[in-house]
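Hi,

Here is the structure I promised to pass on. Have a look at it first, and my notes on what turned up are underneath.

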Amino acid sequence: MTDEVASVIGRLDVEAVRAAYWRQNEFVCLERWLPPELVARLVAEVETVRPAVHRNYIPKHKKGGSVSYFTLVEQAPAILALYRSPAFLTFLATVTGRPVMRCPETDPHSCALYFYTEPGDHIGFHYDTSYYKGTRYTVLLGLIERSSSRLVCQLFKGEQGREPVELRLATDPGTLVLFNGDKLWHAITPLGEDEERVSLTMEFLTDAGMHPVKRFVSNMKDAVAYFGFRAVFLGVTRHASRASQ
Ligand SMILES: [Fe+2]
């Protein structure tokens with residue numbers, strides 16, 4: 001996967017991507033970026049980890065399932081190879097103009113799968129706020145798209161002198177969306193009957209430092225809203241001890 005990702009990026013007009021990213025206030029969408037044969041390898045891993053999906057429901061905000069980084073590390077080598085690809089990191093640094101890095105091994109969101117599988121699954125409007133000292137970038141990659149759900153993005157929200165621009169995107173298999181988490185106001189609209197949508201998100205940072213109080217708040221949010229207490233706190237303990245070995 002590492003070599004294949006490098007060659008996909010090698011074929012991109014990175015300068016054009018960079019220009020589009022900045023023209024749209026740190027947001028860019030690359031339709032069908034990853035070829036179907038590589039998407040198929042990632043989707044095979046979606047099926048492997050499906051039994052580990054943790055479902056959650058926060059009234060008026062979100063409903064859906066997720067699989068954390070801790071599970072992907074153990075069961076999804078191709079997804080991890082994409083997340084850890086040096087060429088991908090260089091590509092992101094070139095587009096954003098910042099020295100980006102991956103999240104610490106203890107962050108369950110570093111790279112995670114989001115499952116929209118039941119009618120009404122959705123997430124309300126939010127920013128991908130950074131709990132870290134640095135800027136947080138989100139990369140979203142569509143893997144399974146058999147739904148009427150849309151990723152609704154409001155570009156330029158809160159920017160002085162600019163009218164917001166709203167986009168409604170289908171995240172088709174292989175479609176990549178990159179944005180600065182503090183700048184893009186976004187949501188996923190509710191899933192219909194007999195529909196399914198699965199996406200991969202990968203998080204990157206400019207500074208992985210975090211105040212301990214923010215770390216606690218971040219872990220609590222992950223436990224309640226995403227992966228469950230068992231996954232977050234056992235996972236953090238296990239990965240913290242692994243990281244210190
Ligand atoms: Fe988000």
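One thing to keep in mind is that this is a predicted model. Let me begin on the outside: Phe216, Val217, Met220, Val224 and Phe229 make a nonpolar surface patch of about 450 Å². Helix H7, residues 212–227, gives the most to that patch, with four residues. Val217 sits in this helix, and its relative accessible area of 39% puts it in the partly exposed class.

Next, the metal. Which residues coordinate the iron ion? They are His126 and His186, each through NE2, plus Asp128 through OD, at 2.1 to 2.2 Å. Along the sequence, the donor residues follow the spacing H-x1-D-x57-H. Both His126 and Asp128 are buried.

Then there are the charged pairs. Side chains of opposite charge can pair when their charged atoms come close. The count here comes to 13 salt bridges, and a few are worth finding on your screen:

- Asp121 and Arg55 meet at 2.7 Å, N to O. This pair links distant parts of the chain, 66 residues apart: Asp121 is in the loop between strands E5 (111–116) and E6 (122–126), while Arg55 is in strand E2. Asp121 is buried, with a relative accessible area of 0%, whereas Arg55 is partly exposed at 30%.
- Arg136 forms a salt bridge with Glu203, with 3.2 Å between the closest N and O atoms. Here strand E7 (residues 136–146) supplies Arg136 and strand E12 (residues 196–205) supplies Glu203, 67 residues apart. Both Arg136 and Glu203 are buried.
- Glu145 and Arg197 meet in a salt bridge at 3.9 Å, N to O. Glu145 is in strand E7 and Arg197 in strand E12, with their positions 52 residues apart in the chain. Glu145 and Arg197 are both buried.

There is also a network of salt bridges that links Glu47, Arg50, Arg146 and Glu196.

Last, a look at Glu26, in the loop between helix H2 (14–23) and strand E1 (27–30). Is Glu26 buried or exposed? Its relative accessible area is 6%, so Glu26 counts as buried, the cut-off being under 20%. The Glu26 side chain makes a polar contact with the side chain of Tyr21, at 2.8 Å. Leaving aside residues up to four places away in sequence, Glu26 touches Tyr21, Tyr137, Leu178, Phe179, Asn180 and Lys183.

Cheers

Methods. Residues are numbered from 1 along each chain as its sequence is written. This is a predicted model: local features need pLDDT of at least 70, side-chain atom pairs count only at pLDDT 80 or more; totals for chains, interfaces and linings use all residues. Side-chain values use heavy atoms; hydrogens and water are left out. Donors are N, O and S atoms within 2.8 Å of the metal (3.2 Å for Na, K and Ca); water is not among the atoms, so sites may look incomplete. Buried means under 20% relative accessible area, exposed over 50%, partly exposed in between (1.4 Å probe, protein chains only). Patches are made of residues with over 30% relative accessible area and no salt bridge: like charges are joined within 9 Å, nonpolar side chains (Val, Leu, Ile, Met, Phe, Trp, Tyr) within 5 Å. Accessible areas come from the Shrake-Rupley method with a 1.4 Å probe; for residues, only the protein chains shown count as cover. A salt bridge is a side-chain nitrogen of Lys or Arg within 4 Å of a carboxyl oxygen of Asp or Glu. Helices (H or I, at least four residues) and strands (E, at least two) are DSSP runs, numbered from the N terminus. A polar contact is a pair of N or O atoms within 3.5 Å; within protein, one must be able to donate a hydrogen and the other to accept it, and residues adjacent in sequence count only if both atoms are side-chain atoms. Contact means heavy atoms within 4.5 Å.
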